[in-house]
Amino acid sequence: MEKYQKKQKLVFRLNTFILLLSLPLLFFGLDFFVFGQRISFDQHFSGVKKTVDEKEFIKFHLSRLVRGEDRRKLDETGFACDTAVHSVHCVSTKPVRIDTRNMTVYIPSCSDLQNETSLRPYARQEDLPKTVSPVRMILYRNNTDPPPCEFHHGLPAVVFSSGSTGNVFHEINDIIIPLYITTKQFGSRVLLVVEDYKPSFVAKYRAILSRLSYHEPINPAANATIHCFPSTIVGLKYHDNLAVNASDIPGGYGMPAFRTFLRATFSLRYAHVSQVPRPRLVFLSRTGTRRILNEDEMIEMIKDAGFQVLVVKRSKLASNVEKFSRLINSCSVLLGAHGAGLTNEIFLPTGAVMIQVELLGTEWASNTYYGDTARAMGVRYLRYRIDPDESSLVKLYGRNSSVVTDPGSVFIQRGLIPARIVFLDQQNVRINVARFRETIVEALSIVTDSFAR
């Protein structure tokens, strides 16, 4: 019995000695053997390492959202905002509390003074819809007690507004692309807090939202309490019209990466136009303003030139993003008069053609919103600039009116809103089919050349 007790003491002392000896090795993930048994510290402490790695991963990518002096401020204080030409967003690497009852974000501060700022979390700050609500950010001192947490989350919050929805250009340009720019680098490890929550918007873009975050978006109105997060982003980064610039914040990915993201999200079949089995053109028919008055005649000409033609008139189809994206992706040419529907060019395969019927007074917007985007995506952009006699404005204002002869002067003299009413709301077009055939033949040549390669 005495010998057995001595042996037990010896084993205990040896185990203690080995444990103390091995403590410096814990962080190196080494394996070794004690009395023939394998001890894997990598296995036992992988949870700790994973937590540390996750925190560093999140902190690194949060820091990518600010640059220069703002980056230095973030490193020193844990809070900074990027204020650019179009957008403003703020980043906190410190734990925050968000009171979703009144959308107030409580952020700890090292300063002796309590500061407060407000931000409407919408990407295009120069074109804020009235429906976007403000978010208060309170930087509180150490001796201030913010409201106690009721829900604890392990991932950063990304707070943004669903804004004014219903227009596909603004949904994609003002919300979806900026959300992609802001969150893509986190690999879905964020929680989306959607202020001004609109169920229709969330349902429409659920495939995209679920790819950018593993979790269901938080509706503040339905979760009116205190939520705690390890860090947060308030607002979204915006680059330009329908643009993702690799050189801009956060850097590293551009429009090609966004297109790859869309193909994966919606299971789009065709990466390049050469994969589309036959020349296929989709025509976005407008039923309100900017209508093509002789579209039946135009469609017959396009068929005669050699295209299979799909005509989209139903807004219900276009509102189903998953189905509509696949339809657009199955075509080699997208055709339409200037308008929000052309935003769907983002689903075209590379090498496809986008034809825009450029009406009077829409030259700048046509090129800036849709022409530049097409070129950045590797889509061929063809513009059909109508002659004045093809516009209904000749009959409405007269052939010698400045509306017809000098559209630019109308914007200068009357202002943006009145000019938009003239050129966007009052204008229809009767296509010169013989002249337009030249553009169609060029488009056919482009896509058939792709088949031959």
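## Exercises on loops, sheets and voids

Ser188 is found in the loop between helix 5 and strand 11 (191-195). Keep in mind that the model is predicted.

**Backbone oddities**

Task: Find out what sign phi has at Ser188, and where the cis peptide bond that involves Pro250 sits.

Solution. Start with Ser188, in the loop between helix 5 and strand 11. Its phi is near 75°, so to speak on the positive side, in a residue other than glycine. Next, go to Pro250: a cis peptide bond joins Ile249 to this proline, with omega about 0°. Last, place it on the chain: Pro250 lies in the loop between strand 13 and helix 8.

**A salt bridge across the chain**

Task: Work out which residue's side chain meets that of Lys237 in a salt bridge, and how many residues apart the two are.

Solution. Searching the whole structure turns up 22 salt bridges. In one of them, Lys237 meets Asp82, with 3.2 Å from N to O. Now look at where the partners sit: Lys237 is in the loop between strand 13 (232-234) and helix 8, whereas Asp82 is in strand 3 (residues 79-83). They are 155 residues apart, and the pair links distant parts of the chain. That Lys237 loop, between strand 13 and helix 8, also holds Pro250.

**The parallel sheet**

Task: Put the strands of the five-strand sheet in order, name its edges, and say which helix packs on strand 17 and strand 18.

Solution. Begin with the order, which reads 15-14-16-17-18 in an open sheet with parallel pairing. The edges are strand 15 (308-312) and strand 18 (380-385), each pairing on one side only. From one strand to the next, the twist averages 20°. Then zoom in on one edge: strand 17 (residues 353-358) and strand 18 run parallel and are joined by six bridges. Here Ile355 stands opposite Leu382 of strand 18. Finally, add the helix: helix 12 (residues 363-377) packs on the sheet and touches both strand 17 and strand 18. Its direction makes about 160° with that of strand 18.

**The mixed sheet**

Task: Do the ordering again for the six-strand sheet, then find what stands opposite His152.

Solution. This open sheet runs 7-8-6-5-12-9, and the pairing is mixed. Strand 7 (115-119) and strand 9 (151-152) are the edge strands, each with pairing on one side only. Follow strand 9 inward: two bridges join it to strand 12 (residues 226-229), and these two run parallel. Opposite His152 you'll find Cys228, in strand 12.

**Pockets**

Task: Describe the largest pocket and the second largest pocket by volume, lining and residue class.

Solution. Take the largest pocket, with about 780 Å³ of space. Its lining counts 29 residues, and those nearest the centre are His170, Ala365, Tyr369, Arg420 and Leu424. Helix 16 (416-425) gives the most, six residues. Helix 5 (168-183), helix 12 and helix 15 (407-414) each supply at least two. By class, the lining splits into 15 nonpolar, eight polar and six charged residues.

On to the second largest pocket, which holds about 670 Å³. Here 31 residues form the lining, with Val168, Ser315, Ala318, Ala340 and Gly341 nearest the centre. Helix 5 turns up again, and helix 10 (315-319), helix 11 (321-329) and strand 16 (333-337) also supply at least two residues each. The classes are 13 nonpolar, 13 polar and five charged. To close the loop, helix 5 supplies lining residues to the largest pocket and to the second largest pocket.

**The cavity**

Task: Count the cavities of 30 Å³ or more, and say what lines the largest cavity.

Solution. The count comes to one. About 40 Å³ of space lies in the largest cavity. The lining is made of Arg259, Leu262, Arg263, Leu268, Tyr270, Asn329, Ile346, Phe347 and Leu348. Which element gives the most to this lining? Helix 8 (residues 255-266) does, with three residues. Sort by class and you get six nonpolar, one polar and two charged residues.

Key:
Residues numbered from 1 in each chain as written. Predicted model: local features only at pLDDT ≥ 70, side-chain atom pairs only at ≥ 80, totals over all residues. Heavy atoms only, no water. 1 Å grid on protein atoms, 1.4 Å probe; cavity = no way out; pocket = protein on both sides within 12 Å on 5 of 7 lines; lining within 4 Å. Points joined across faces, edges and corners; volume = space filled by probe spheres on them. Helix = DSSP H or I, 4+ residues; strand = E, 2+ residues; numbered from the N terminus. Nonpolar A, V, L, I, M, F, W, Y, C, P; charged D, E, K, R; others polar. Pairing = 2+ DSSP bridges. Axes fitted to C-alpha atoms, helices over the stretch in contact; angles between N-to-C directions. Contact = heavy atoms within 4.5 Å. Salt bridge = Lys/Arg side-chain N within 4 Å of Asp/Glu carboxyl O.
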